[in-house]
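Reader: I am new to this structure. Please show it to me, and then let me ask about it.

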Amino acid sequence: MIEMIPGTVTLATLEEIWRKGTPARLDRSAREGVEAAAAMVAEAAAGEAPVYGINTGFGKLASTKIAAGDTETLQRNLILSHSCGVGEPLAEDKVRLMMALKLLSLGRGASGVRWLVIEQIEEMLARGVTPVVPSQGSVGASGDLAPLAHMTAAMIGEGEATFEGARLTGAEALKRAGLEPIVLGPKEGLGLINGTQFSTACALAGLFQALELARASMAIASLTTDAIMGSTAPLVADIHTLRGHAGQIDVATQMRDIMQGSEIRESHREGDTRVQDPYCIRCQPQVVGAALDVLRMAARTLEVEANAVTDNPLVLVEQGLIVSGGNFHAEYVGFAADQIALAVAEIGAIAQRRVALMVDPTLSHDLPPFLTPNPGLNSGFMIAEVTTAALMSENKHLANPCVTDSTPTSANQEDHVSMAAHGALRLAKMTANLSVILGVEMLCAAQGVEARAPLKTSHRLQDLLAMLRSEIPSLGDDRYLAREIEGASAMVRAGRVGDAAGVEVAV
């Protein structure tokens, strides 16, 4: 169980919740502030003065006053009417992260929900009740309304949820887990569906995977450099310190260390007629280093957002005010998602060019055509390279910015939106594509390094080769490659490549 103090939770903690499914709950020090805000909301709900979302309608209907006796019905209707999501259900690990993020937002004591609402989310996380949340329907402003409404529907016994592998009604899932549906009080439905937690959870998952793939790319690019007998001169430290960018320096440092002691490298320091390698070899620190720094910028944004209060209206206890604002607007998340997408696309673009380099006998410095020992009868990695080209191109299209694609909604009341939700959602597809590109590059580079025998690569890259060859053998005659490509890609996604080569990169 992870105890979270609102406003202080780190990316490392959030990644543990996402990757390992560790249940999360709020530190009990948050309770006093939460209950103070809830008391203010209760007082406002009983009063005559209209307060948005507490005793009024929503959005364009904000001028409609709601009687005190109807506030519970108002909140329930809000959830049911807003449960309009469509598309494939969001992965359970992301839903659980979204729920943890909602806890962090509510726990700041500015949302006005009762502590029992927080306890319901905590118990659902602890007992494995996961709402079924359709992945499409949010435009990333006025909150991720539809996705969060589906989350909330399960909390009140509506909608759907999974429990112990079964997809059930929300009421049945709660019952099997020993929980009861809650009845939402004033503002509680609005507090639950206003916010950026859906977009932020998807963006964080994309960030965590992108960072892992960037780490793997440093090891795989090093293996490729040895496979084509490339130069390590472009990794000399002074080159990178003269430019000064942290990411570039970090990538060059990692690659220098990874390749230290390679017999292949030492064999062609003298007498090599090539003056310079192509950019895909020579400029890996500059390209992936830039991508790494972009990912770090996105990480800072998302860590702040994960700890933020993003619903509306906000309850300012110390000032005694309940005020409307716009913290639900997910522009920050949208920009971060677009940054991550650009980084993912560029890591894949330069990796794909290295695959093309290795299979081309005119460029690969005497490697066999398409890396097969018997070309002609066998095609080797010919079409695996084509697959990487297809995925690289798809990622280029997906990397187009989403945050600039605003459209007015809700009768023009919500007339500028962030589109952060689909900006963040596309990262799952993009990182999956990148893992395949890197997986194919690893297979090709391993084949190329083995073709340099009896010369050996560095000790750290030999460890990477041993890990790969423990599951996927060298390619002799042509065979069915799809499963092996997926196996190599899975190694990349799981962090096994970076671990095997000892790559360490700080966020």
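Author: A word on records comes before the questions. UniProt positions are given in the numbering used here, feature names are shortened, and annotations may be inferred rather than shown by experiment. Residues are numbered from 1 along each chain as its sequence is written, and side-chain values use heavy atoms, with hydrogens and water left out. This is a predicted model: local features need pLDDT of at least 70, side-chain atom pairs count only at pLDDT 80 or more, and totals for chains, interfaces and linings use all residues.

Reader: Which residue does UniProt list for "modified residue: 2,3-didehydroalanine (Ser)"?

Author: The record is an unreviewed entry. The residue it lists sits in the loop between β5 (134-136) and α6 (145-155). Helices (H or I, at least four residues) and strands (E, at least two) are DSSP runs, numbered from the N terminus. The listed residue is Ser142.

Reader: Is Ser142 buried or exposed?

Author: Buried means under 20% relative accessible area, exposed over 50%, and partly exposed in between (1.4 Å probe, protein chains only). Ser142 has a relative accessible area of 10%, so Ser142 is buried.
Contact means heavy atoms within 4.5 Å. Leaving aside neighbours within four places in sequence, Ser142 is in contact with Ile193, Asn194, Phe328 and Glu414. The answer is: buried.

Reader: How far apart are the end C-alpha atoms of helix α9?

Author: Helix α9 covers residues 197-227, which is 31 residues. The expected span of a helix is 1.5 Å times one less than its number of residues. That gives 45 Å for α9, and the model agrees, with the end C-alpha atoms separated by 44 Å.

Reader: How many residues of α9 are buried?

Author: Helix α9 is largely enclosed by the rest of the structure. After α9 comes Met229, whose phi is positive, near 55°. The buried count for α9 is 31 of the 31 residues.

Reader: Which element gives the largest share of the largest nonpolar core?

Author: A nonpolar core is a set of buried Ala, Val, Leu, Ile, Met, Phe, Trp, Tyr and Cys residues joined through side-chain atoms within 4.5 Å. The largest one has 144 residues, and those with the most contacts inside it are Met4, Leu204, Leu207 and Val497. Its largest share is 19 residues, and they come from α9.

Reader: What does Met4 touch?

Author: Residues up to four places away in sequence are not counted here. The partners of Met4 are Val9, Ile17, Ala24, Arg25, Leu26, Asp27, Ala100, Leu103 and Leu104.

Reader: How many disulfides does the structure hold?

Author: A disulfide is a pair of cysteine sulfur atoms within 2.5 Å. For Cys84, the nearest cysteine sulfur is that of Cys202, 19 Å away. For Cys444, the nearest is that of Cys280, 12 Å away. The number of disulfides is zero.

Reader: Which is exposed, Cys84 or Cys444?

Author: Cys444 has a relative accessible area of 0%, so Cys444 is buried. The value for the other cysteine is 54%. The exposed one is Cys84.

Reader: Which side chain makes a polar contact with the side chain of Thr457?

Author: Thr457 lies in the loop between α17 (420-450) and α18 (459-469). Thr457 is buried, with a relative accessible area of 3%. A polar contact is a pair of N or O atoms within 3.5 Å; within protein, one must be able to donate a hydrogen and the other to accept it, and residues adjacent in sequence count only if both atoms are side-chain atoms. At 2.7 Å, the partner is Asp226.

Reader: Which residue does a cis peptide bond join to Ala453?

Author: Most residues other than glycine have a negative phi, and most peptide bonds are trans. Here omega is about 15°. The partner lies in the loop between α17 and α18. It is Pro454.

Reader: Which residue does a cis peptide bond join to Asn312?

Author: Omega is about -5° for this bond. The partner's place is in the loop between α14 (284-306) and β8 (314-316). It is Pro313.

Reader: What is the phi of Lys187?

Author: Lys187 is in the loop between α7 (170-176) and α8 (188-193). At 0% relative accessibility, Lys187 counts as buried. Lys187 is not a glycine, yet its phi is positive, about 70°.
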